[in-house]
Amino acid sequence: MTPDQEIKQHKRKKVSLACVFCRRSHMTCDEGRPCQRCIKRSIGHMCHDEPRSSTSKKNNDISSLPTSKNDGDKATQDQFYLIAADPHDGKVEDKLNEVINAKYEAGILKPYNYVNGYARLQRYMDQHMTPSSRQRILNVMGAFRPAFRDVAQALTDVDLILVEEAFERLLLDYDRVFTAMAVPACLWRRTGEIYKGNKEFADLINVPVEQLRDGRLCIYELMIEDSTVNYWEKYSNVAFDPCQKAVLTSCLIQPRSSKGAPLISCCFSFTIRRDKFNM
């Protein structure tokens with residue numbers, strides 16, 4: 001069997017559960033997450049599995065889709081899922097605008113609450129870190145958090161929506177990048193919540209790739225205490241330095257399988273992507 005035949009055979013392989021968008025469109029899905037169909041339609045960051053409900057098959061297409069809490073009515077939400085599943089033909093930028101606009105109209109695209117992100121970090125430090133490590137992190141956060149707060153307070157609600165729209169575009173940009181990369185990689189917000197990761201990173205920390213979405217895990221939860229402190233100190237040095245955006249450092253990762261699993265020594269680089277407000 002030639003390599004081309006093997007690839008074709010792999011593509012034809014049936015999966016027991018299609019992603020929500022392929023299921024919505026009654027299209028063939030594959031085992032990848034994001035699947036190739038969602039990547040081609042520029043909605044890879046929303047590609048998601050959801051178990052079918054045995055008690056309510058009629059509602060599983062919409063009610064089980066991954067959403068944030070929103071105020072949009074059901075009609076506009078349904079319209080968003082239909083557009084995301086089957087955007088009109090045209091340029092990638094036009095498709096992206098169509099999906100993002102539908103998401104905004106559905107009330108799903110909202111400014112992100114970074115206060116909750118910092119509160120989550122505080123709870124983690126209180127439960128898992130020594131007082132000296134907590135204080136070191138609080139010291140460096142005291143240097144850059146006021147600057148972020150000053151910028152954010154000067155922005156209007158529309159500006160904050162545009163910031164979140166830029167983040168959505170960043171997620172879409174990294175769909176293809178992460179799919180093509182053969183090294184572990186992930187993308188997280190400035191408060192540490194991971195919103196995208198590739199299969200290689202999921203394998204490294206021993207979690208399903210679905211866990212690397214929507215802030216289910218935080219980057220600091222994967223490191224040992226000393227590495228977490230080192231990360232925040234390195235981050236504070238470049239957070240508002242326009243001359244620097246990438247840092248090369250090292251860390252020890254604790255796989256999520258069990259606390260008794262061997263630590264993984266890693267050399268890693270993190271790059272800061274700033275929006276037009278330098279945040």
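The following exchange goes through a predicted model and asks what stands behind the terms used for it.

Reader: What makes up the protein in terms of helices and strands, and in which pattern do they come along the sequence?

Author: The protein has 10 helices and four strands. Along the sequence the pattern reads α-α-α-α-α-α-α-α-β-β-α-α-β-β.

Reader: How much of the protein is buried?

Author: Of the 279 residues, 45% are buried. As for contacts with a separation of 6 or more, 57% join residues 24 or more positions apart.

Reader: Why is S227 called buried?

Author: The relative accessible area of S227 is 8%. Buried means under 20%, so S227 with its 8% is buried. This residue belongs to helix α10. Neighbours within four places in sequence aside, S227 contacts C251 and L252.

Reader: And what about L96, buried or exposed?

Author: L96 has a relative accessible area of 8%. The limit for buried is under 20%, therefore L96 is buried. L96 is part of helix α5. Outside the four places on either side in sequence, L96 is in contact with R169 and L172. The C-alpha atoms of L96 and A84 are 9.2 Å apart, with their positions 12 residues apart along the chain.

Reader: Why is M27 called partly exposed?

Author: For M27 the relative accessible area is 42%. Buried requires under 20% and exposed over 50%; 42% meets neither condition, so M27 is partly exposed. M27 lies in the loop between α2 and α3.

Reader: Which residues does M27 touch, leaving out those up to four places away in sequence?

Author: M27 touches C22 and R37. From M27 to R37 the C-alpha distance is 8.9 Å, at 10 residues apart in sequence. Contact is judged on heavy atoms within 4.5 Å, whereas the 8.9 Å runs from C-alpha to C-alpha.

Reader: Why are F144 and Y235 called an edge-to-face pair?

Author: A pair of aromatic rings is described by the distance of the centres and the angle of the planes. The ring centres of F144 and Y235 are 5.2 Å apart, and their planes stand at 85°. Centres within 6.5 Å make a pair, and planes over 60 degrees apart make it edge-to-face. Both values meet these limits, so the pair of F144 and Y235 is edge-to-face.

Reader: How do you know that this pair links distant parts of the chain?

Author: F144 is in helix α7 and Y235 in helix α10, and 91 residues separate them. Both F144 and Y235 are buried.

Reader: How many aromatic pairs does the structure hold, and which residues form the aromatic cluster?

Author: There are 15 aromatic pairs. One aromatic cluster is formed by Y124, F144, F148, W188, Y220, Y231, W232, Y235, F268 and F270.

Reader: What makes R145 a charge over a ring?

Author: The charged end of R145 is 3.9 Å from the centre of the Y118 ring and sits over that ring. The distance limit is within 6 Å of the ring centre, and 3.9 Å satisfies it. R190 lies over the face of F148, at 4.6 Å from the ring centre.

Reader: What is known about the largest pocket and its lining?

Author: Rolling a probe the size of a water molecule over the atoms shows where empty space is left. The volume of the largest pocket is about 1000 Å³. Its lining consists of 40 residues, and C186, L187, W188, F270 and T271 lie nearest the centre. Two or more lining residues come from each of α8, β1, α9, α10, β3 and β4. Helix α8 has the largest share, seven residues. By class the lining of this pocket has 32 nonpolar, three polar and five charged residues.

Reader: How many cavities of 30 Å³ or more are there, and which residues line the largest cavity?

Author: The count is one cavity of 30 Å³ or more. The largest cavity has a volume of about 30 Å³. It is lined by H45, M46, V99, I100, K103, L109 and E168. Helix α5 contributes the most to this lining, three residues. Four of the lining residues of the largest cavity are nonpolar, one is polar and two are charged.

Definitions and conventions
Residues are numbered from 1 along each chain as its sequence is written. This is a predicted model: local features need pLDDT of at least 70, side-chain atom pairs count only at pLDDT 80 or more; totals for chains, interfaces and linings use all residues. Side-chain values use heavy atoms; hydrogens and water are left out. Rings of Phe, Tyr and Trp (its six-membered ring) pair if their centres lie within 6.5 Å; planes under 30 degrees apart count as stacked, over 60 as edge-to-face and the rest as tilted. Buried means under 20% relative accessible area, exposed over 50%, partly exposed in between (1.4 Å probe, protein chains only). A charge sits over a ring if NZ of Lys or CZ of Arg is within 6 Å of the ring centre and within 35 degrees of the ring normal. On a 1 Å grid over the protein atoms alone, a cavity is a set of points where a 1.4 Å probe fits but cannot get out, and a pocket is an open set with protein on both sides within 12 Å along at least five of seven lines; lining residues have an atom within 4 Å of a point. Grid points are joined across faces, edges and corners, and a volume is the space filled by probe spheres set on the points. Ala, Val, Leu, Ile, Met, Phe, Trp, Tyr, Cys and Pro count as nonpolar, Asp, Glu, Lys and Arg as charged, and the others, Gly among them, as polar.
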